[in-house]
Amino acid sequence: MYKFLSSLALLLFLYTGRLMAGDPVYPAGAIPDSMKKNAHLVKRMEEITQVIAPGLKEVTLTTRCVFTVLDEEGARSSTLVKMYNKQMDVRSVSGALYDAEGKLVRRLKQSDIKDLSEDGDGSLMTDNRYKVHRFYHNVFPYTIEYEVEERVRGSYWLQPWIPQNSEDCTVEQARFTIMAPADYQLRYTNNKVALVITTQKEQKVYTWEVKNIPVFTDEPFSKEFIQLSPSVMVAPSVFKIDDYEGNASTWEGLGKFGYTLNAGRDELPENIKQKVRELVAGKNTQAEKIKALYTWMQQNYRYISIQLGIGGLQTFDAKTVATKGYGDCKALSNYMMSLLKETGIKSYCAWVRAGAGKNYIDEAFPRDPFNHVILCVPGEKDTTWLECTSNTSPTGYLGSFTSNRAVMLLTEEGGKLVHTPVAREEDNQQSRTITAVVEDNGNLKLTAKTIRSGESQEELHELLHGLSREKQLEWLRKTFDLSSYDVGKFECKEIPAVNPVIEEQLELNCKAYATVTGKRIFITPNILDRNVPKLETNDKRVSELVLKSRFIHTDTVNITVPEGYKAEAVPAPVALQNKYGSYSAVIAMKGNTISYIRRLERKAGTYPAAEFNEFAKFYTAIHRADRNRIVLVKE
């Protein structure tokens with residue numbers, strides 16, 4: 001044990017000695033051109049050492065990193081942010097700033113480090129605080145160096161490693177080392193990183209190293225960054241945290257820990273039990289009871305972030321939520337579970353990695369990447385999923401924030417990995433009807449009725465419930481691909497259902513929408529739905545083609561033009577269909593009215609990288625067709 005601690009102390013001494021030396025460190029001129037190409041920040045070196053102490057009661061994390069900041073954008077990305085709470089201490093932070101030649105400019109002063117709370121608009125109570133520091137220097141390039149030592153109580157939270165901090169950060173060299181007791185079963189999975197394992201007398205040492213990582217090339221419709229960039233995911237087998245022990249080697253074991261951690265916190269006060277009986281009186285089906293209780297909870301309780309205690313994993317009990325009238329995601333889900341339990345309906349809290357477009361979980365590698373809790377209510381035929389933090393979502397609707405991904409149910413038998421529902425194309429629809437008039441000067445006035453459902457209405461739903469009328473109009477003035485326009489009318493009607501619908505009424509006055517040249521007018525009939533991007537083909541694409549969302553968009557447009565004009569050039573109908581979806585657009589003119597009918601259906605799926613060019617051609621063809629113009633000439 002003495003040798004074990006002495007080797008770590010020597011490692012820290014060598015780091016500190018290097019930092020405090022006055023010799024030039026990492027001159028910017030030594031960076032290869034390949035590491036500067038398209039980069040804003042260059043990680044010159046990184047050494048992270050994570051030590052799991054014998055007995056699993058503590059993990060020590062030591063980080064030394066050196067960055068060269070190439071420009072202002074890189075400077076914004078170079079801010080040091082370290083969280084601490086009752087489970088994690090930041091023991092020390094030191095740093096230094098060097099000029100382009102690598103000569104010392106100044107050292108970090110402890111008084112320069114800001115100590116901030118995580119408290120915000122949606123947070124009432126939290127143990128989380130942050131130490132934040134940034135070297136403000138305006139002569140580029142410059143180099144910064146940090147050393148940080150942290151201590152984590154328990155062995156539940158093991159830090160993963162993603163050496164590339166951001167897409168525009170290159171990496172010259174980086175090393176990640178984990179020291180664990182020789183008899184400890186460390187669990188890990190590598191992505192594009194080689195591993196070397198050595199054994200010392202009292203511990204096993206795992207070392208991963210990377211060199212010369214270029215800027216991450218962002219590919220449209222690709223896998224998530226964590227799947228493509230070099231990384232090491234780490235998770236415990238057996239672990240300790242506070243007075244709890246567990247084994248995360250399986251989803252069953254991880255979920256058993258979560259269930260045990262929150263067991264016995266579902267007891268309701270007597271007045272709430274009586275209220276539950278009143279709410280479900282006369283309700284004959286499980287669906288009716290769920291809706292009655294969920295609606296009542298939405299009307300009487302609100303979400304507030306509360307991150308206290310054992311890593312934010314343990315919920316406030318149901319009596320506390322009943323008394324306070326608020327809770328975080330796990331507290332409100334536990335409370336709803338308690339309400340249902342009172343009626344004899346069984347439900348389970350589910351841990352989920354929430355976030356629109358961020359649904360990746362390595363199902364073959366049990367670990368805790370979760371950041372949210374929802375509720376699952378099994379039924380004889382259908383399962384009902386409840387987002388208990390929302391005061392506005394219909395009963396049973398999850399949406400893109402938590403749908404279509406693996407989640408872990410916390411059950412008496414342990415964790416069960418299941419999947420949340422996947423929306424169909426017909427669930428996510430946008431149907432728009434436009435009546436417009438073009439004037440001689442090219443100005444256009446339109447009236448539009450748009451019906452959106454499912455995921456297609458989510459942005460508008462958040463807009464209506466999250467912003468003031470003034471902010472809504474401000475957003476609306478920036479949302480359409482029009483050169484100049486004023487909003488004359490904007491009204492919305494929400495139609496609650498399991499798959500929610502919003503009906504929007506809109507009036508716009510568009511200046512110089514049509515191009516007037518002499519006796520000709522050029523008009524683009526697709527006025528409001530030109531959002532499909534033009535994609536360049538890529539024969540060197542790395543990622544598979546990933547289409548996560550599916551939808552159907554339809555447009556019916558009728559445009560009245562000034563008298564005395566006839567069609568001189570009308571684009572031919574467009575019809576496209578393949579495995580990724582279908583598209584059709586037809587432009588016609590009868591009398592002084594232009595009619596335009598468009599339909600786009602996008603399917604979801606994952607396809608080989610080699611198929612991206614076919615998809616790119618499909619999208620580019622749509623992009624061009626959406627901008628087709630009809631040419632009118634004055635008779």
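This note takes up the overall build, one pocket, one helix and one loop residue of a predicted model.

1. Overall build. The protein contains 12 helices and 38 strands. Its C-alpha trace spans about 95 × 75 × 45 Å along the principal axes.

2. Burial and surface. The chain has 635 residues, and 50% of them count as buried. The exposed area comes to about 29,800 Å². Carbon and sulfur atoms supply 49% of that area.

3. Contact range. Take the contacts with a separation of 6 or more: residues 24 or more positions apart account for 72% of them.

4. The second largest pocket: extent and centre. Its volume is about 790 Å³. The lining comprises 27 residues. Which of them lie nearest the centre? They are Gln430, Ser456, Glu459, Asn531 and His553.

5. The second largest pocket: where the lining comes from. Several elements give two or more residues each. The helices are H10 (458-466) and H11 (469-476). The strands are E25 (429-438), E32 (551-560) and E36 (593-602). E36 gives the most, with 3 residues.

6. The second largest pocket: character of the lining. The residues divide into 11 nonpolar, 7 polar and 9 charged.

7. Helix H6: the buried side. H6 covers residues 270-280. Ile272, Lys273, Val276, Leu279 and Val280 are buried here. Note that Lys273 is on this list. Why do the buried residues line one face of the helix? Seen down the axis of H6, they fall within an arc of 120°, so they share a face.

8. Helix H6: cover and the outer side. The buried residues of H6 are covered by elements including helix H7 (286-300), helix H8 (318-324) and helix H9 (329-342). The face turned away from the buried side carries Glu270 and Asn271, both exposed.

9. Helix H6: what comes next. Gly282 sits just after the helix. This glycine takes a positive phi of about 85°.

10. Thr402: a loop residue. Where does Thr402 lie? It is in the loop between strand E22 (384-386) and strand E23 (406-411). Is Thr402 buried or exposed? Its relative accessible area is 0%, so Thr402 is buried.

11. Thr402: its contacts. Set aside the neighbours within four places in sequence. Thr402 is then in contact with Val352, Ala354, His372, Ile374, Glu387 and Thr420.

Note on methods: Residues numbered from 1 in each chain as written. Predicted model: local features only at pLDDT ≥ 70, side-chain atom pairs only at ≥ 80, totals over all residues. Heavy atoms only, no water. 1 Å grid on protein atoms, 1.4 Å probe; cavity = no way out; pocket = protein on both sides within 12 Å on 5 of 7 lines; lining within 4 Å. Points joined across faces, edges and corners; volume = space filled by probe spheres on them. Helix = DSSP H or I, 4+ residues; strand = E, 2+ residues; numbered from the N terminus. Nonpolar A, V, L, I, M, F, W, Y, C, P; charged D, E, K, R; others polar. Buried < 20%, exposed > 50% of the residue type's maximum accessible area, 1.4 Å probe, protein only. Arc of directions from axis to C-beta. Contact = heavy atoms within 4.5 Å. Areas by Shrake-Rupley, 256 points an atom, 1.4 Å probe, with all protein chains shown as cover.
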